[in-house]
Amino acid sequence: METEHVLEVNHLSVDYTDGRGSVEAVRDVSFFLDRGEILGLIGASGSGKSTAVQALTGVLSYRCRMKSGSIRLMGQYLTGEGMGSRKEHQKLLNEVRGKQIATVFQNPGRFLDPTMTVGAQFRESIREHRKTDCFSANREAVRCLKEIGIGNAEQVMKMIPSQLSGGQLQLISIAMALVHHPCVLITDEPFSALDAEHAETVYRIFREIRDSGGSVLLVSHDPVICASLCDRLAVMSEGTIIETGKTADLLENPQEIYTVQFAESYRTGKEKKNEETV
């Protein structure tokens, strides 16, 4: 079934529950992502953007519950209207996760098995969606690691996560997310642990994804990164989206208070970066 949008989120609400009761962490959030586009989901810490992203692929923490809304990928419902039984829903999520829609989380060390080598986890990720032998999966993993900027890929494959830096783990997570060429790549603060050289590699890869017709949802609080990469922005504050539009338009003519602050931070950050390069 053809759809105008690659990813479409409508009226998403997520509750967070603790010992004191329930709080609406995400409230009536709607946005879309088109083919060949990078959309920036921006907001301060605690604005709900990471929770919204986790809801997209059904990896919410046990304290969170999707209260309402629907999510469609390539015209197919992942949640909400049109879904079958819970078992059918979970089967569908397992099929599309990692293959059609892939996620790079902010702290990759939390999502990698600390007892398994990088190679074992990478090969497992490849063979989960492809009928291939271990040798071929290993060769593909090494190729992906080298492409992302890890020169000693063969050695890294033999290491466990605790033997690697945060920046290396971030690059490995990005490589694992891209191995199946997903139509949508979701990234949560992907530049947070990267040095300048590796960050430039990731910039290049995101642009290549967009230019080849892929789509990226970039979750970030950094105005300079968003302005340099994103075609459009969706601004989140207190669990809801308060403003959306083309990046240049929002930076030049912001309407909401938080977006005004974001635009000012962008100008300050850009001036500082220019001074550093002089």
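Let's start in strand 8, where Ser215, Leu217 and Val219 point one way while Val216, Leu218 and Ser220 point the other, and every one of these residues is buried. Keep in mind that this is a predicted model. Strand 8 covers residues 215–220, and with 6 of its 6 residues buried, the strand is mostly covered. Buried here means under 20% relative accessible area.

What does strand 8 pair with? One partner is strand 3 (residues 37–42), which runs parallel to strand 8 and is joined to it by 6 bridges. If you want a spot to click on, try Leu39, which sits opposite Leu217 of strand 8. Strand 7 also runs parallel to strand 8, this time with 5 bridges between them. There you can pick out Thr187, whose bridge partner in strand 8 is Leu218.

Now for the helices, beginning with helix 7. Helix 7 has 16 residues and spans 22 Å from its first C-alpha to its last, close to the 22 Å you'd expect at 1.5 Å a residue. Its buried residues are His198, Ala199, Thr201, Val202, Tyr203, Ile205, Phe206, Ile209 and Arg210. Notice the spacing as you read along that list; an α-helix has 3.6 residues a turn, so residues three or four places apart point the same way. The buried residues of helix 7 pack against several elements, including strand 3, strand 7 and strand 8. Helix 4, helix 6 and helix 8 (223–229) are also among the elements they pack against. After helix 7 comes Gly213, with a positive phi near 100 degrees.

Why can helix 6 be called largely enclosed? Because 11 of its 13 residues are buried, the rest of the structure largely encloses it. The buried set includes Gly167, Gln170 and Ser173, alongside residues such as Leu169, Leu171, Ile172, Ile174 and Met176. Those buried residues pack against strand 6, strand 7 (184–188) and helix 7 (196–211), and also against helix 3, helix 4 (134–148) and helix 5 (153–156). End to end, helix 6 reaches 19 Å between its first and last C-alpha, close to the expected 18 Å.

Helix 6 also brings us to the pockets. The largest pocket holds about 680 Å³ of space. It is lined by 23 residues, and the closest to its centre are Gly98, Thr103, Phe111, Ser125 and Met176. So we meet Met176 again, one of the buried residues of helix 6. Strand 6 (101–104), helix 3 (118–129) and helix 6 (166–178) are the elements that give two or more residues to this lining. Which of them gives the largest share? That would be helix 3, with 5 residues. In terms of chemistry, the lining of the largest pocket divides into 10 nonpolar, 9 polar and 4 charged residues.

The second largest pocket has a volume of about 540 Å³. Its lining takes in 24 residues, and those nearest its centre are Ser50, Thr51, Gln54, Arg110 and Asp188. Strand 2 (21–33) and helix 1 (49–56) each supply at least two lining residues, and helix 1 gives the most, with 4. By class, the lining of the second largest pocket has 9 nonpolar, 10 polar and 5 charged residues.

Technical notes:
Residues are numbered from 1 along each chain as its sequence is written. This is a predicted model: local features need pLDDT of at least 70, side-chain atom pairs count only at pLDDT 80 or more; totals for chains, interfaces and linings use all residues. Side-chain values use heavy atoms; hydrogens and water are left out. On a 1 Å grid over the protein atoms alone, a cavity is a set of points where a 1.4 Å probe fits but cannot get out, and a pocket is an open set with protein on both sides within 12 Å along at least five of seven lines; lining residues have an atom within 4 Å of a point. Grid points are joined across faces, edges and corners, and a volume is the space filled by probe spheres set on the points. Ala, Val, Leu, Ile, Met, Phe, Trp, Tyr, Cys and Pro count as nonpolar, Asp, Glu, Lys and Arg as charged, and the others, Gly among them, as polar. The expected span of a helix is 1.5 Å times one less than its number of residues. Buried means under 20% relative accessible area, exposed over 50%, partly exposed in between (1.4 Å probe, protein chains only). Contact means heavy atoms within 4.5 Å. Two strands pair if DSSP finds at least two bridges between them.
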